[in-house]
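Reader: I am new to this structure. Please take me through one part of it closely, and then show me what lies around that part.

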Amino acid sequence: MKALIRPARVSDQETMYRMLCDLEDETLDRKGFEKAFLKNIESNDIGYFIADRSGEPVGLASCHVQMLLHHAASIAEIQELYVLPDCRSLGIGKQLVAAVRDFSRQRGASQIEVSTRQTRLDTHRFYEREGFVNLHFKLVSSEGEKGAG
């Protein structure tokens, strides 16, 4: 059974918070999360998506599109993508990536980038199956380590 992929709503805030805490394996700052969520959900260049199965949220994706000087173009970046463990390997991640691709295309992005922790080998394989290629080595300062996703 495929999931229904839809834009996130303000009412999805708690669901997204719980899923992202699970993704990061830590309790995120609630007030900071809420501030970012409420600001970002209003942006035309940030897409939040929820995957629903039988009326239950089972995954999410977020994408930011911005003009980057070194690309001289709009570039999309998947910031977060998460599927509940019991719902993995059902094609839901693939559906979420397709939603991000559509969102990015509509905003004229010339490519989509994604970063993931070096230890997330299953995640690397997933993105490679989706056509992503490892072209960069990302360095993060200690202040930014929590956000190194």
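Author: Start with a side-chain pair. In this predicted model, a polar contact of 2.3 Å joins the side chains of glutamate 14 and arginine 30. Where does glutamate 14 sit? Its place is in helix 1. Is glutamate 14 buried or exposed? Neither label fits. Its relative accessible area is 35%. Buried means under 20% and exposed means over 50%, so glutamate 14 counts as partly exposed. Another glutamate can be placed relative to this one. Glutamate 34 lies 20 residues away along the chain, and the C-alpha atoms of glutamate 14 and glutamate 34 are separated by 9.1 Å.

Now turn to the sheet. The sheet is open and has five strands. Their order is 1-2-3-4-5, and the pairing is mixed. Strand 1 (4-7) and strand 5 (111-114) stand at the edges. Each has a single partner strand, so one side of each is left without a neighbour in the sheet. From one strand to the next, the twist averages 30 degrees.

Look next at one pair of strands. Strand 3 (residues 56-68) and strand 4 (residues 73-83) run antiparallel to each other and pair over ten bridges. Within this pairing, glycine 59 stands opposite valine 83 in strand 4.

Helix 1 brings us back to the start. Helix 1 spans residues 13-24 and packs on the sheet. It touches strand 2 (46-53), strand 3 and strand 4. The direction of helix 1 makes about 80 degrees with that of strand 3. Glutamate 14 belongs to this helix, and its side chain makes the polar contact with arginine 30.

Note on methods:
Residues numbered from 1 in each chain as written. Predicted model: local features only at pLDDT ≥ 70, side-chain atom pairs only at ≥ 80, totals over all residues. Heavy atoms only, no water. Pairing = 2+ DSSP bridges. Helix = DSSP H or I, 4+ residues; strand = E, 2+ residues; numbered from the N terminus. Axes fitted to C-alpha atoms, helices over the stretch in contact; angles between N-to-C directions. Contact = heavy atoms within 4.5 Å. Buried < 20%, exposed > 50% of the residue type's maximum accessible area, 1.4 Å probe, protein only. Polar contact = N/O pair within 3.5 Å; in protein donor to acceptor, adjacent residues only side chain to side chain.
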